[in-house]
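Got the viewer open? Here is a short walk through this structure, one selection at a time.

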Amino acid sequence: MNTIKIAVASGKGGTGKTMVATSLAACLDKYYSVQFLDCDVEAPNAHLFLKPEIDSIQSAEILVPEVDQVACTGCGKCVEVCEFHALAQMGDQILLFPQLCHGCGSCQRVCPVNAIHEIPRKIGNLRSGKVRSGIRFHTGDLTISEPMPTPIIRQLKSRITNETRITILDSPPGASCAVVATIHDADFVILVTEPTPFGLHDLKQMLGVLDQTGSPGGVIINRDGIGDVRVEDYLDQTSCPVMMKIPYQAEIAVGLAKGKILSDFIPQYQSEFLNLYKKILEMIEDKEQVGA
Amino acid sequence: MIAKMQTGKAKQCVILSGKGGTGKTSISASLMHLSSQNISGVYVDADVDAANLALVTAAVPQETHEFSGSKLAVIDPLFCSSCGSCFDVCRYDAIQEPVKEQASYQVIDLLCDGCAACVHACPESAIRMVVQQDGEWYHSISAYGDLFHAELFPAAENTGKLVTTIKQEAVSFAEKHQIPLIIVDGPPGIGCPVISASTGADLALLVAEPGVSGKHDLERIIQTLEHLKIPILICINKYDIYPEGTDAIKRLANSYGYQIIGEIPFDDAIPNAMVQAKPVTEFAPESPASLAIQKICEVILPVLFSDGGNL
Amino acid sequence: MIIMISSKGETLQSQPNLRFGRAPFFIEYNLSDDAWTAQRNEAVKESSGAGVSTSQYIINQQASAVISGNFGPNAQRALSYAGIKMLTFDDTYKTIQSVIEGFKSNRLEEF
C-alpha cells in the first residue's frame, strides 16, 4: 500500500496554504494515520499551528568537495566539469565556493588522482516529532543566508513512510524549483488562491506547473468575497475544479493570527475537509482510470 | 525636490516580508505612485514566479527579452547502450530506467538539476546538456516610470539569476538616465531570490503582519538582511486585525533595535483597488490604508536620501 | 605586467563596465609595451557563479591587477587568494583609456 500524497500549493504567497494543510491534516487524523511535511523550509509555519513535540533534530547537509592539496596535480578537470562554477584554480591550489555547490559529485568522480573527497556541509535543520493527536510531523529550516532550499526538501521527503495512509505536504509559495521538488510526485495538488487579480495571475502559473507534473488538482478559494469572480470564471474553462470556498471573515483571520487550526476553532469545517478528501480520492481514481 | 541624481548611483529600496501575502506588492505600487510625484524612479518586480506589480501599475511592455541559462541533460537513444551509469551517478532521481530491457534511459526534465554528472559518466557520450529558456523579462513603461519585470516559466529554475538580470538592467537604466530612485518589490522567503533582490539595496522596508506566522517569518528576514548588512525599516500591515499580535511584532522589532515606522489598518480599499488595476493610493487616496502608506512614504524617502542614514 | 579592465566595448574608447562578473568584455593591457587586446567574457552567459568563472579567466590570463567598478564576494575571495590586485574606478571615468591613465598615475583606489 502506498501512502496518498496530497500537496497544498499556491503560487501567490499568503493565500492560506498552511491554514488548509494543517486543517486537513487535523481532520483526517481522526480517521486515518497522517504524516505532515512542512516543505516551506525558508519560512516554515506549520509547527506554530500543529504544535508538535519534536523528538529528533538533525542537520540538513549537502556534500561538498574537499581537495587534498598535496595530492592535487593542478590538472583543472574538477574546475572544468563544475557546471555551477563552485571551484576555481590558482596554480595547484583549488578554491571551493560552497554556496554555489549543488553537491552533485561530478568533481570527485572526474579527479584522475582521487584527490577529492566529499564532506557534509550543514545548510539547515531537519526536525521530526509527533503532534499530540497522532500526526507524524516533519519540518525543516534553511540556515540564514543559505541560498538553496531544495536539498532540504528532498531530505525531508525521504522521511515519508508508505505505511502511513495519508501524507500532507505544505509547499512553499512560488512556482519554481522548490515547489516542484515538493509537489512533483503528489497524487493530488490542492491550489489555494484568493479571488483577486494577483490570485488569478499566480494560479495560472501553478496550473502550468501541474501540466508538467501531471498530477490532478483542485482549487480552494480562500478569502472569498474580497475581490471578484474572475478566478472562478477562469477555472470554468479548465479541468481544475473549485472544490471549496472559504469566505473572508475577520474571525478566521484572528484565529489564524493566534495560531489556531481552522477546523478546531470553526468546527463546521471538519465535515468540509472530510468531504474535500473524499472528492480528492475520487479525482485520483478518475485520473488513474484514464491512465494518464 | 530631487528630480535628478545628485551624485553617483541611484538609491535602492527593496520591499520584503519573509512571509508571503503581507501586502508587499500593494504597498510597492503605492510607493511608486506617491514617490513619482516628486522623484523620478525606476522600478523592479523581483518576485518573478508570481509577478504582480505590472497588474496594478498600467505597465505597457516596450521590450521583451528571452531569459535562458539553466541546462537539462538529454540522452540520445541511438547511442544509449542501457548500461545504467547515468542512473547510478544521478543524485536527483532524474534518470528514468527503461521499462523494456535494452531500451534507452531517459532524463526526467522536471527533476534534472543540470549538474551534467551523467554526461561525464556516460561511456558512449550519448548525453549532452541543452540550454533551456527559463522565462522572459520585460522593460515596460508604467504609469509612474520605467518598470523592469519578468515571468519565470512554470517549474523553471534560475530564479536568482533572473532577478539579478532585471535588477542590473534597472540599475544601468537609472545610471544612464540619471534617475535617483530604484524601488524593488521583493519575493517571499529568505533564499536565493531574496538575496538577489536585496543585493545593492540601500534600505529594506519590511512589511509585517500580526500573528504567529507573520512574527516568525519577520524574524527570519530580519536575520537575513542583517547578515547582508542592509539597513531595515519596518511597517505593520493589517495591524488592527489582532492587536496583541501587533504588540508582539513591535516587541520583536525593538528587541532587534528597530522601530515601527508605520501601521496600516485592514482596509478593503486595497483589494478593491487591485480589482481596478490601480494602487490604493491612487484609487482611494483618502482611505485609511492610503493615508497610512502616505505617512510611510514620507518617512522612507528622507531616510533613503540622507547621507549616512540614521537608523 | 598585465592589467585587465572590465569594459562595455572592444576599444580603448569604450565605456568601462562598472560590474565585474558579467562585464561583456575585458581589455587586457600590457604595461611593458602598451599592447592591448579586447576579449569577450564567456561568463556572461552562465547561470551562476559568474564572479567565480570571470575570476578564473582573469587568473588564467596571469594578470597582476584587475580594474572594475565593484567586486562581488566570490570574486573578491578568488582574486585575493590568487594574489591579484583589485582596483576600482567610478563613473567619472568615461573611457578605458582614462582608466589606464588613472592606473599609471596611481589615482585608482584599491578595493
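Before the first stop, a word on labels: helices and strands here are DSSP runs, with at least four residues for a helix and at least two for a strand, numbered from the N terminus. So H4(B) is simply a helix of chain B under that numbering. Keep in mind as you click around that this is a predicted model.

**Stop 1: the second largest pocket**

Start by selecting H4(B), which gives 10 residues, the largest share, to the lining of the second largest pocket. Add strand E3 (60-75) and strand E6 (127-141) of chain B to the selection; like helix H4 (159-177), each of them supplies at least two lining residues. The pocket holds about 970 Å³ of space. Its lining runs to 33 residues, and to find the centre, show B:Gln168, B:Glu169, B:Ser172, C:Lys8 and C:Asn17, the closest ones to it. Now colour the lining by class: you should get 13 charged, 11 nonpolar and nine polar residues.

**Stop 2: where chain B meets chain C**

Two of those central residues carry a chain C label, which makes a handy bridge to the next selection. Show the contact between the two chains: nine residues come from chain B and seven from chain C. About 670 Å² is buried between chain B and chain C, with 43% of that on carbon and sulfur atoms. What about salt bridges across this interface, how many are there? Zero, by the rule used here, and the count of residue pairs in polar contact (both at pLDDT 80 or more) is zero too. On the chain B side, E3 and H4 are the elements giving two or more residues. H4(B) has the largest share, with five residues. Colour that side by class and you'll see six polar, two charged and one nonpolar.

**Stop 3: where chain B meets chain A**

Next, hide chain C and bring up chain A. Here 55 residues of chain B touch 59 residues of chain A. The buried area is about 4,700 Å², and carbon and sulfur atoms give 60% of it. Between these two chains there are two salt bridges. Zoom in on one of them, B:Lys71 with A:Glu83, where the closest N and O atoms sit 3.1 Å apart. Then switch on polar contacts: 28 residue pairs turn up across the interface, counting pairs with both residues at pLDDT 80 or more.

Which elements of chain B should you select for its side of this interface? Try helices H1 (24-35), H3 (117-121), H5 (192-198), H6 (212-228) and H8 (269-275), plus strand E7 (146-152), each supplying at least two residues. H6(B) gives the most, with eight. By class, this side of chain B has 28 nonpolar, 18 polar and nine charged residues.

**Stop 4: a salt bridge inside chain A**

For the last stop, stay with chain A. Over all chains, the structure has 14 salt bridges. Select A:Glu194 and A:Arg223, a pair whose closest N and O atoms are 3.0 Å apart. A:Glu194 is in the loop between strand E9 (188-193) and helix H7 (197-213), while A:Arg223 belongs to strand E10 (residues 217-224), so this salt bridge ties together parts of chain A that are 29 residues apart in sequence.

Note on methods. Residues numbered from 1 in each chain as written. Chains lettered and ligands numbered in written order. Predicted model: local features only at pLDDT ≥ 70, side-chain atom pairs only at ≥ 80, totals over all residues. Heavy atoms only, no water. Contact = heavy atoms within 4.5 Å. Buried area = accessible area lost by both parts, 1.4 Å probe. Salt bridge = Lys/Arg side-chain N within 4 Å of Asp/Glu carboxyl O. Polar contact = N/O pair within 3.5 Å; in protein donor to acceptor, adjacent residues only side chain to side chain. Nonpolar A, V, L, I, M, F, W, Y, C, P; charged D, E, K, R; others polar. 1 Å grid on protein atoms, 1.4 Å probe; cavity = no way out; pocket = protein on both sides within 12 Å on 5 of 7 lines; lining within 4 Å. Points joined across faces, edges and corners; volume = space filled by probe spheres on them.
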